[in-house]
Amino acid sequence: MLMSRTPEGIPASVLVGVTGASGAIYADRLVKILSKSIERVYVVVTDTGEKVARHELPSGSLLLKAMAGKLDKSEKDIIRVFGIQDLFAPFASGTSTPDAMVVTPCSMGTLARIATGISGNLLERSADVVLKQRRKLLICPRETPLSLIHLRNMTSLVEAGAEMIPLMPGFYQKPSELDDVVDFCVGKILEQLGVAHTLYKPWNSRMR
Ligand SMILES: Cc1cc2nc3c(=O)[nH]c(=O)nc-3n(C[C@H](O)[C@H](O)[C@H](O)COP(=O)(O)O)c2cc1C
């Protein structure tokens with residue numbers, strides 16, 4: 001049986017929700033790293049999320065393979081993909097809540113629907129459940145510029161207990177390639193989940 005957080009406080013199960021915001025590469029990298037770090041990674045992708053991922057990701061990407069049901073046996077043991085309309089999925093109920101959920105990249109549409117409790121598909125319902133069960137909900141918005149509506153919805157979510165992790169890479173680590181930029185944001189997500197990583201060095205680690 002899948003245990004809840006390990007004795008070290010690392011989540012045993014994380015649900016990754018992927019929407020139609022730009023930045024499928026973040027979800028791809030996160031799923032890859034989580035699948036090597038924790039017991040179970042659930043994935044749910046919105047319809048537009050699938051289209052944008054196919055547009056943005058190179059063929060052979062883990063997320064594309066997962067969406068197409070083409071994971072290897074060893075990957076399938078850890079990564080479970082659910083259909084966006086599958087409201088009979090376990091985590092649509094508070095009795096099977098994952099330890100944490102990450103919505104990355106999060107569109108302003110999905111963000112608005114989670115903020116107002118619409119729960120119209122599995123991703124939105126799962127976020128609703130994670131919030132009501134007081135588990136960790138990380139929202140990684142991707143939009144610019146932001147309207148007052150976007151900002152108000154983000155405020156509502158933070159007030160309800162979600163954590164906002166905008167996909168805003170820093171440059172003080174001196175990234176030299178796209179992977180470094182993506183790793184910066186994914187590293188920030190992993191830190192909030194309590195999952196150790198080596199995607200970048202802590203700032204001024206030589207002074208610790
Ligand atoms: C290529 C592409 C990039 C997009 N990027 C963003 C984005 O960064 N942020 C956003 O909020 N919406 C973005 N959109 C619009 C969303 O996909 C659209 O609002 C959609 O309805 C979101 O649906 P979902 O939340 O169910 O995935 C993009 C659309 C396309 C086609």
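This briefing walks through a predicted model, topic by topic, from its sheet to its ligand and a few unusual backbone spots. At its heart for our tour is an open sheet of six strands, paired in parallel fashion. We will also meet two helices, α1 and α6, and a ligand with a shell of 13 residues around it.

**The sheet**

- Let's begin with a general idea: strands of a sheet pair through backbone hydrogen bonds, and the pairing can be parallel or antiparallel.
- Here the six strands follow the order β3-β2-β1-β4-β5-β6, and the pairing is parallel.
- Which strands sit at the edges? They are β3 (79-82) and β6 (163-164), each of which pairs on one side only.
- Strand β1 (residues 13-18) is joined to strand β2 (residues 40-45) by six bridges, and the two run parallel.
- To find this pairing in the structure, look for Gly-17, which stands opposite Val-44 in β2.
- β2 also pairs with β3, again in the parallel sense, over four bridges.
- A landmark for that second pairing is Val-43, which stands opposite Val-81 in β3.

**Strand β1, wrapped up on both sides**

- Is β1 largely enclosed or open? Six of its six residues are buried, so β1 is largely enclosed by the rest of the structure.
- The side chains to follow come in two sets: Ser-13, Leu-15 and Gly-17 point one way from β1, while Val-14, Val-16 and Val-18 point the other way.
- Both sets are buried, so neither face of the strand offers an exception to the count of six out of six.

**Leu-34 in helix α1**

- Leu-34 belongs to helix α1, which spans residues 24-35.
- Why does Leu-34 count as buried? Its relative accessibility is 0%, and the cut-off for buried is under 20%.
- Beyond its neighbours within four places in sequence, Leu-34 is in contact with Val-14, Val-16, Val-41, Leu-190, Leu-193 and Val-195.
- Two of those partners, Val-14 and Val-16, are on one side of β1, along with Val-18.
- For a sense of distance, Leu-34 and Ser-74 are 40 residues apart in sequence and 14 Å apart in space, C-alpha to C-alpha.

**Helix α6 and its two ends**

- Helix α6 covers residues 122-132, and eight of its eleven residues are buried, so the helix is largely enclosed by the rest of the structure.
- The buried ones are Leu-122, Leu-123, Glu-124, Ser-126, Ala-127, Val-129, Val-130 and Leu-131.
- What caps the N-terminal end of α6? Asn-121 does, with a side-chain oxygen 3.0 Å from the backbone nitrogen of Leu-123.
- Just after α6 comes Arg-134, with a positive phi of about 60°.

**Around the ligand**

- Of the 13 residues around the ligand, the nearest are Gly-20, Thr-46, Ser-107, Thr-110 and Arg-142.
- By type, the shell divides into three nonpolar, seven polar and three charged residues.
- Helices α2 (47-56) and α5 (108-115) each supply at least two residues of the shell.
- The largest share, three residues, comes from α5.
- Backbone atoms take part: a polar backbone atom of Met-108 is 2.8 Å from an oxygen atom of the ligand, and one of Arg-142 is 2.6 Å from a ligand nitrogen atom.
- A side chain joins in as well, with a polar side-chain atom of Arg-113 lying 3.2 Å from a ligand oxygen atom.
- How much of the ligand does the protein cover? It covers 65% of the 640 Å² of accessible area that the ligand has on its own.

**Unusual backbone spots**

- A cis peptide bond joins Thr-104 and Pro-105, with omega about -10°, and Pro-105 lies in strand β4 (residues 100-106).
- Another cis bond runs from Thr-144 to Pro-145, with omega near -5°, and Pro-145 lies in the loop between β5 (136-141) and α7 (148-159).
- Arg-134 is not a glycine, although its phi is positive; this residue lies in the loop between α6 and β5 and is exposed, with a relative accessible area of 70%.
- Lys-174, also a residue other than glycine, has a positive phi near 55°.
- You will find Lys-174 in the loop between β6 and α8 (178-193), where it is exposed with a relative accessible area of 71%.

How values were computed:
Residues numbered from 1 in each chain as written. Predicted model: local features only at pLDDT ≥ 70, side-chain atom pairs only at ≥ 80, totals over all residues. Heavy atoms only, no water. Buried < 20%, exposed > 50% of the residue type's maximum accessible area, 1.4 Å probe, protein only. Contact = heavy atoms within 4.5 Å. Near = heavy atom within 4 Å. Polar contact = N/O pair within 3.5 Å; in protein donor to acceptor, adjacent residues only side chain to side chain. Areas by Shrake-Rupley, 256 points an atom, 1.4 Å probe, with all protein chains shown as cover. Nonpolar A, V, L, I, M, F, W, Y, C, P; charged D, E, K, R; others polar. Pairing = 2+ DSSP bridges.
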